[in-house]
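Hi everyone, thanks for coming. I'd like to walk you through a structure I've been looking at, so have it up on your screens and follow along.

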Amino acid sequence: MQTYDLEAEGLRGLNASLHAQSEQTSQTNWEVVNPKGSHAIAVGLDAPIEVSVQGSTGYYCAGMNKQATVHVKGSVGPGVAENMMSGLVKVDGDASQYAGATGHGGLLVIKGNASSRCGISMKGIDIVVHGNIGHMSAFMAQSGNLVVCGDAGDALGDSIYEARLFVRGSVKSLGADCVEKEMRPEHIELLRDLLARAESDAKPEEFKRYGSARQLYNFNIDNAY
Amino acid sequence: MCGIVGLFLKDKALEPQLGALLTDMLITMTDRGPDSAGIAIYGDETASESKLTVQSETPDADFAGLAEALQAELGGAVTLERRDTHAVLTVPAGQADNARSVLRQIAPTVRSMSFGDTLEIYKEVGLPKDVAARFEVSAMTGTHGIGHTRMATESAVTTLGAHPFNTGSDQCLVHNGSLSNHNSLRRKLQREGIHIETQNDSEVAAAYLTWKMQNGASLGEALEQSLDDLDGFFNFVVGTKDGFGVVRDPIACKPAVMAETDQYVAFGSEYRALVNLPGIEDARVWEPEPATVYFWSHTDTNSLNKKVA
């Protein structure tokens with residue numbers, strides 16, 4: 001276990017050390033202490049390492065993650081796991097705006113609530129939120145799965161493309177071109193796997209599925225004004 | 001981008017540390033606003049006195065003999081305590097607004113930063129750490145306070161363009177964001193007789209709240225109505241003599257985080273600003289909801305925390 005004191009040793013040293021790890025590294029476990037809300041912790045990782053952050057972070061924690069597992073034992077600021085490519089990012093607390101934005105792959109788990117614009121423009125990432133999500137979540141979402149065990153805020157899935165949205169609780173309102181869809185057996189199976197990987201005991205049968213009505217994004221002339 | 005910090009104390013034991021805690025929070029927000037900084041402090045009330053905070057570009061010349069000149073006009077005892085480019089004038093209770101008008105006549109180069117019974121505002125151009133040091137903010141005591149670090153977008157980088165803004169007795173406002181309808185609203189408020197000093201969008205928001213409260217609204221009601229009447233992006237943190245309020249616009253793209261313990265309620269643009277507060281590890285920490293008014297008061301124990309949209 002490598003322990004890094006962020007307050008004493010600084011951010012650049014941390015990210016440089018993490019970037020220096022390769023596929024074959026023997027230093028697979030890292031612990032970051034004293035994060036104190038700092039920005040850009042564990043950004044741009046590309047090795048099968050495990051990083052645990054002992055406290056809350058600021059902006060862009062675990063952004064652009066590849067392969068690595070980043071576990072934040074606190075809450076995260078805006079843009080956690082933004083543009084994640086693969087790997088796992090787990091947040092024990094809450095997440096601020098645009099969690100998992102533009103993510104291409106991997107799994108983002110938020111044990112608390114996520115605020116506005118969760119999964120905005122997601123491109124293949126899977127996001128599981130144990131609590132609620134805020135307004136404008138999954139705006140222009142292109143692919144991947146957003147699972148919400150609590151409630152969703154206003155304008156869920158506005159201008160959505162082909163991402164799947166699963167919500168167990170209420171949806172305050174759906175955005176343009178986002179509609180409720182049938183839960184088929186393959187969706188139950190998909191959800192069961194995601195919930196298990198996200199350590200949620202919610203039952204897949206309790207969720208509703210939402211997705212694109214496909215009336216907007218193919219430039220249907222009736223939508224022009 | 002701007003930084004906001006705010007601290008509303010519930011526990012009197014922390015009052016001697018208010019300035020020190022706010023200074024630390026303010027300096028942490030330097031990255032969000034390095035061009036100017038300001039702080040509003042609500043201190044002790046003295047029954048027979050009101051006060052004005054004033055500022056001058058030439059304090060040596062302007063502050064010499066100012067108390068005596070003001071006393072001659074007002075008729076009651078006036079004292080002056082200088083802090084760098086600012087000075088706090090104490091005047092007989094209830095005379096602060098009148099003193100402000102008199103000052104405009106007898107000392108036109110002296111600018112009013114705030115007036116009221118307990119509020120003092122200090123603000124200048126420069127790095128937050130330098131501004132805080134000039135005014136010795138860390139030694140200040142009080143019941144609640146609000147600080148702002150500014151990165152200007154809507155008006156010039158000047159002392160008067162810095163936050164907090166004070167437009168009514170013991171009222172202050174800081175703003176992170178930008179308002180789109182401030183010009184039309186400024187004209188409307190000026191027609192209503194509200195004094196607005198600058199071309200700054202945030203001052204219009206402060207003046208709007210003052211106008212609403214002059215017409216009978218509580219701070220909470222005024223904040224609710226601001227959601228309908230102000231167009232643009234905003235996080236506002238506002239102070240009154242006994243209260244502390246927070247509201248975000250419905251889009252809520254400007255960051256905000258709050259923390260509450262038995263000892264205090266704190267606001268920061270980022271969590272970083274809160275990390276050195278006592279007991280933060282066990283505080284309830286949350287992101288304030290969009291279009292929702294939060295309000296705490298020293299006198300009203302049923303503090304408002306109300307969702308309006």
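**Pockets, partners and domains**

Let's start with the largest pocket: 46 residues line it, and the ones nearest its centre are A:Ser115, A:Ser116, B:Glu287, B:Pro288 and B:Glu289. Before we go on, please keep in mind that this is a predicted model. The volume of that pocket comes out at about 980 Å³. What sort of residues make up its lining, by class? We get 23 nonpolar, 14 polar and nine charged residues.

Okay, now the two chains. On the chain B side, 17 residues are in contact with chain A, and chain A brings 14 residues to that contact. Which residues of chain B lose the most area to chain A? They are B:Tyr271, B:Arg272 and B:Glu287, and together they account for 39% of what that side buries. You've met B:Glu287 already, as one of the residues nearest the centre of the largest pocket.

How big is the interface as a whole? People often describe the size of an interface by the accessible area that is lost when the parts come together. For chain B and chain A the buried area is about 1,000 Å², and carbon and sulfur atoms give 46% of it.

So what goes on across that interface? The rule finds zero salt bridges between chain B and chain A. It does find 10 residue pairs in polar contact there, with both residues at pLDDT 80 or more. If you sort the residues on the side of chain B that touches chain A, you get 10 nonpolar, one polar and six charged.

Next, let's look inside chain B. Chain B is split into domain 1, covering 3–42 + 138–308, and domain 2, covering 46–117. Measuring over C-alpha atoms, the centres of these two domains of chain B are 25 Å apart. Each domain puts 10 residues into the contact.

The area buried between domain 1 and domain 2 of chain B is about 880 Å², with 52% from carbon and sulfur atoms. Which three residues of domain 1 supply the most of its share? That would be B:Thr159, B:Leu160 and B:Asn166, with 46% of the area that domain 1 of chain B buries against domain 2.

And how many salt bridges does the rule find between these domains? Just one. Have a look at B:Asp117 and B:Lys241: they form a salt bridge, and their closest N and O atoms are 2.9 Å apart. There are also four residue pairs in polar contact between the two domains of chain B, again with both at pLDDT 80 or more. The side of domain 1 that touches domain 2 in chain B has two nonpolar, six polar and two charged residues.

Last stop, the cavities. Searching the whole structure turns up three cavities of 30 Å³ or more. The largest cavity holds about 80 Å³ of space. Its lining is made of 13 residues, with B:Thr153, B:His163, B:Gly177, B:Asp201 and B:Ser202 nearest the centre.

That's my tour, thanks for listening!

Note on methods
Residues are numbered from 1 along each chain as its sequence is written. Chains are lettered from A and ligands numbered from 1 in the order in which they are written. This is a predicted model: local features need pLDDT of at least 70, side-chain atom pairs count only at pLDDT 80 or more; totals for chains, interfaces and linings use all residues. Side-chain values use heavy atoms; hydrogens and water are left out. Contact means heavy atoms within 4.5 Å. Buried area is the accessible area (1.4 Å probe) that two parts lose on being put together, summed over both. A salt bridge is a side-chain nitrogen of Lys or Arg within 4 Å of a carboxyl oxygen of Asp or Glu. A polar contact is a pair of N or O atoms within 3.5 Å; within protein, one must be able to donate a hydrogen and the other to accept it, and residues adjacent in sequence count only if both atoms are side-chain atoms. Ala, Val, Leu, Ile, Met, Phe, Trp, Tyr, Cys and Pro count as nonpolar, Asp, Glu, Lys and Arg as charged, and the others, Gly among them, as polar. Domain bounds come from an automatic or database domain assignment. On a 1 Å grid over the protein atoms alone, a cavity is a set of points where a 1.4 Å probe fits but cannot get out, and a pocket is an open set with protein on both sides within 12 Å along at least five of seven lines; lining residues have an atom within 4 Å of a point. Grid points are joined across faces, edges and corners, and a volume is the space filled by probe spheres set on the points.
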